[in-house]
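Here is a brief report on a ligand site and the open and closed spaces of one protein. Please look at the sequence and the model first.

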Amino acid sequence: MKTTSYRLDRFISKHSEFSLSDVRLLVAQKRIYVDGQAAISVQQKVTQFTQVQLDDQCLQNNQAIYILLNKPQGYVSATKDSQHPTVIDLIDHPRKASLHIAGRLDLNTTGVVLLSNDGAWTRKMSLPESHLAKTYEVTVAQPLNDDYVRAFQQGIYFAYEDITTQPAQLEILTDFTARLTLTEGKYHQVKRMFGSFRNEVLALHRSSVGHLRLGELMPGESRLLSPDEISFP
Ligand code: URA
């Protein structure tokens with residue numbers, strides 16, 4: 001998934017009174033700064049998060065934000081909701097209004113939710129083609145057995161979409177608890193997979209997405225991701 005980028009000359013002509021052809025001279029006169037360095041070419045790439053300065057005027061200064069939240073029960077994975085508090089209500093960041101959610105959790109599911117204002121990143125983190133492993137700790141109403149392990153590995157047929165789920169790894173931890181790793185995220189996927197055995201999911205917690213884990217975060221807490229964590233996978 002590519003981030004949209006523009007040539008520096010196009011960006012400057014769009015955001016100032018200078019024309020496309022003026023930009024070569026501005027670059028030569030070192031009047032344009034890109035991410036704090038004097039621009040060296042009119043062809044330099046500018047994305048939505050590149051900082052661009054012309055003389056003493058800041059033309060763009062959007063900060064990319066990447067957040068990992070430990071979602072508690074009762075919060076909706078949406079930016080607005082008329083009935084329930086949203087995951088955005090839990091975030092303490094001055095630019096939280098710009099955030100999108102990468103991969104939603106149900107109202108009562110807890111655990112890892114990723115948020116960012118970088119649309120290319122959130123798409124990459126949630127697209128099925130990325131095959132990013134998502135791990136869930138599941139508590140169910142009926143005892144588990146090896147039939148579940150085999151069936152989840154083979155794939156469960158979802159009639160509504162007419163698809164079979166991708167092979168999923170189920171590790172049975174106790175009679176009523178298991179760890180399930182999926183590489184996709186169909187609507188209510190975990191509940192529907194156990195539902196195919198008429199086994200109700202009583203509690204669901206996402207403990208990781210790819211290499212991103214909750215660590216020490218308590219329910220409701222969030223933290224900024226480090227540059228290493230943001231790089232994919
Ligand atoms: N699967 C579900 O059924 N619910 C979730 O919240 C996440 C995965």
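A polar side-chain atom of Asp-106 lies 2.7 Å from a nitrogen atom of the ligand. This is a predicted model.

**Ligand site**

Two further polar contacts involve the ligand. The side chain of Thr-109 places a polar atom 2.8 Å from a ligand oxygen. At Val-190 the partner is in the backbone: a polar atom there is 3.1 Å from a nitrogen atom of the ligand. Taken alone, the ligand exposes 240 Å², and the protein buries 95% of that.

Which residues surround the ligand? The shell consists of Leu-105, Asp-106, Thr-109, Tyr-136, His-188, Gln-189, Val-190, Lys-191 and Leu-204. By class, that shell holds four nonpolar, three polar and two charged residues. Helix H5, residues 189-195, gives the most to the shell, with three residues.

**Largest pocket**

Where does the ligand sit? The space taken by the ligand is the largest pocket. About 450 Å³ of space lies in that pocket. Its lining has 20 residues, and the closest to the pocket centre are Arg-104, Gly-185, Lys-186, Tyr-187 and His-188. Three elements give two or more residues to this lining: strand E10 (134-140), H5 and strand E15 (201-209). H5 gives the most here, with three residues. So H5 is the top contributor to the ligand shell and to the lining of the largest pocket, with elements assigned as DSSP runs. The lining divides into seven nonpolar, six polar and seven charged residues.

**Second largest pocket**

The second largest pocket contains about 240 Å³ of space. It is lined by 16 residues, and those nearest its centre are Thr-4, Tyr-6, Val-46, Thr-47 and Gln-48. Helix H1 (8-15) and helix H3 (119-126) are the elements that give two or more residues to this lining. H1 supplies the largest share, four residues. By class, the lining has four nonpolar, seven polar and five charged residues.

**Cavity**

How many cavities of 30 Å³ or more does a search of the whole structure find? The search finds one. About 30 Å³ of space lies in the largest cavity. Its lining is Ala-102, Gly-103, Met-125, Ser-126, Lys-134, Arg-206 and Val-209. H3 and E15 are the elements that give two or more residues to the cavity lining. H3 also gives two or more residues to the lining of the second largest pocket, and E15 does so for the largest pocket.

**The spaces in a table**

| Space | Volume | Classes in the lining |
|---|---|---|
| Largest pocket | about 450 Å³ | seven nonpolar, six polar, seven charged |
| Second largest pocket | about 240 Å³ | four nonpolar, seven polar, five charged |
| Largest cavity | about 30 Å³ | three nonpolar, two polar, two charged |

**A loop residue**

Asp-89 is found in the loop between strand E7 (66-71) and strand E8 (100-102). What does the side chain of Asp-89 reach? It reaches the backbone nitrogen of Thr-86 at 2.8 Å. Asp-89 and Leu-8 are 81 residues apart in sequence, and their C-alpha atoms are 37 Å apart in space.

Definitions and conventions:
Residues are numbered from 1 along each chain as its sequence is written. This is a predicted model: local features need pLDDT of at least 70, side-chain atom pairs count only at pLDDT 80 or more; totals for chains, interfaces and linings use all residues. Side-chain values use heavy atoms; hydrogens and water are left out. A residue is near a molecule or strand if one of its heavy atoms lies within 4 Å of it. A polar contact is a pair of N or O atoms within 3.5 Å; within protein, one must be able to donate a hydrogen and the other to accept it, and residues adjacent in sequence count only if both atoms are side-chain atoms. Accessible areas come from the Shrake-Rupley method with a 1.4 Å probe; for residues, only the protein chains shown count as cover. On a 1 Å grid over the protein atoms alone, a cavity is a set of points where a 1.4 Å probe fits but cannot get out, and a pocket is an open set with protein on both sides within 12 Å along at least five of seven lines; lining residues have an atom within 4 Å of a point. A molecule sits in a cavity or pocket if more than half of its atoms lie within 2 Å of its grid points. Ala, Val, Leu, Ile, Met, Phe, Trp, Tyr, Cys and Pro count as nonpolar, Asp, Glu, Lys and Arg as charged, and the others, Gly among them, as polar. Grid points are joined across faces, edges and corners, and a volume is the space filled by probe spheres set on the points.
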